[in-house]
Amino acid sequence: MNWSVSDVADERNLDNTGLFGEFRRMVRTSGTVGGIAARIAGHKMGFRSNQGVHAEDLKSVLGGLKGPLMKGAQLLSTIPGALPEEYAKELAQLQANAPPMGWTFVRRRMAAELGPNWERNFRSFDRTASAAASLGQVHRAVLPDGRQVACKLQYPDMKSTVESDLRQFRMAVGLFYRLDSTICQDDVLEELQDRLYEELDYQREAANMRLYRIMMADWPDVTIPEPIDSLCTGRLLTMEWVNGQGLQKVLDANPTQEQRNSMARALFRAWYAPLYRYGVIHGDPHMGNFTIRDDYGINLLDFGAIRIFRPRFVQGIIDLHKAIETDDEDLAMQAYAAWGFVNLSRDTVRVLNEWARFIYGPLLDDRERFIQEDNDPQYGRAVAEKVYNGLKRTGGVQPPREFVLVDRSAVGLGSVFLRLKAKVNWHALFQELAGDFSEAALATRQAEALRAARVPPPLGSQH
């Protein structure tokens, strides 16, 4: 091994011309990242360490951050072998935990977005935030015409926060890759960077909301709030207020099996009607991004992490489903190529198909069933470990950037369905949305919807 922990300091790029807050953030995380790198190295060389404790330490440090280091770690935690198991387990549990902005600061920021007389746009505006997210906080307000709205106001200096966290995150992933090169994350990191920069633009998010209102118009069990375009800026998103409860609160009330199933069907449609019919996916299915309506439909609330795919990529998703269903290895290779995987051997394809069978399994079974019928809570982890070991044996793989959010959504939604204990016919739901799939028809629908919603082109070189 030609690497040492001292190399960490050489790779850090502490920009002395930047804001003091950015410097402090980097110092706060760099010691933790360096320590973790040392522990990973020791573990690889056979030294024993309490990685569970160290993972909890990492979680406590990252949990206080507002930026993408947390989101990136959560994203990587869904890819088999991308992070050590203990770290992936802890990081997957992180939620946004940013301290709220006080009223004095909120008032100043609202004036910066809407002008010094900003309060004239509202009949009332709650001084206390009603919710917090990773990039901003939400205030409830009432418009002069009586409509209730939610105003999401971005935290200060988020662009420098994103840039700082991305540098740190790239360093952390790079350290791990030096020790284990089974999963090359280069394209994953590029995807993460572009999507996070998109999330900073609340006018883009308003366009995404308009897009989802078009795409979900035929599905009454999913509510998409209407953005108030005249009160949206790059750092302020004002939208219709929708009433609902958090999923955990609903589950605590012990809903019936049919109520659980209704929530699951609505969630499945909210995520996969846009994908199979328009080539668009919501990349962040954690429970803070939706609420439950009184009729057990859902309100979808956050539209920052939206990914628009090439129609050919979605054709690859459909082809891979068919390949797994019919055990057609040639079609599977064709599907992975459409996704952007390159230079795959037959052995590597067979290993990737193990993961595909895990993801697609419930969709192939034409009956009512739970998303996972094996009661073993370690089942998914066991599959991931098997896939990781197989990829290591066959020479590793570089996941294409378009793969990332599809994988994250499937794993994230699967965990929600597990918590719901939903028992539905997943095969029938899939056929309802994708049974008549046509790449050409998707391309036409996508182009028309993007134009109507005025969605700007995605960042990055790939569509």
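**Group meeting: a small sheet, a helix and a core**

Okay, let's start with one pair: Ile 292 has Ile 298, in E9, as its bridge partner. Helix H11 packs on the sheet here, where it touches E5, E8 and E9, and its direction makes about 30 degrees with that of E9. Contact means heavy atoms within 4.5 Å, and the axes are lines fitted to C-alpha atoms, for helices over the stretch in contact, with angles from 0 to 180 degrees between N-to-C directions.

Quick housekeeping: this is a predicted model, where local features need pLDDT of at least 70 and side-chain atom pairs count only at pLDDT 80 or more, while totals for chains, interfaces and linings use all residues. Residues are numbered from 1 along each chain as its sequence is written, and side-chain values use heavy atoms, leaving out hydrogens and water.

Helices (H or I, at least four residues) and strands (E, at least two) are DSSP runs, numbered from the N terminus. Strands pair if DSSP finds at least two bridges between them; E8 and strand E9 (residues 298-300) have 3, and run antiparallel. The sheet is open, with 3 strands in the order E5-E9-E8 and mixed pairing.

Now, which residues touch the most other members of the largest nonpolar core? Among its 113 residues, they are Phe 122, Tyr 272, Tyr 276, Tyr 336, Leu 420 and Trp 426. H11 (residues 257-278) gives the most, 12 residues. Such a core is a set of buried Ala, Val, Leu, Ile, Met, Phe, Trp, Tyr and Cys residues joined through side-chain atoms within 4.5 Å; buried means under 20% relative accessible area, exposed over 50%, partly exposed in between (1.4 Å probe, protein chains only).
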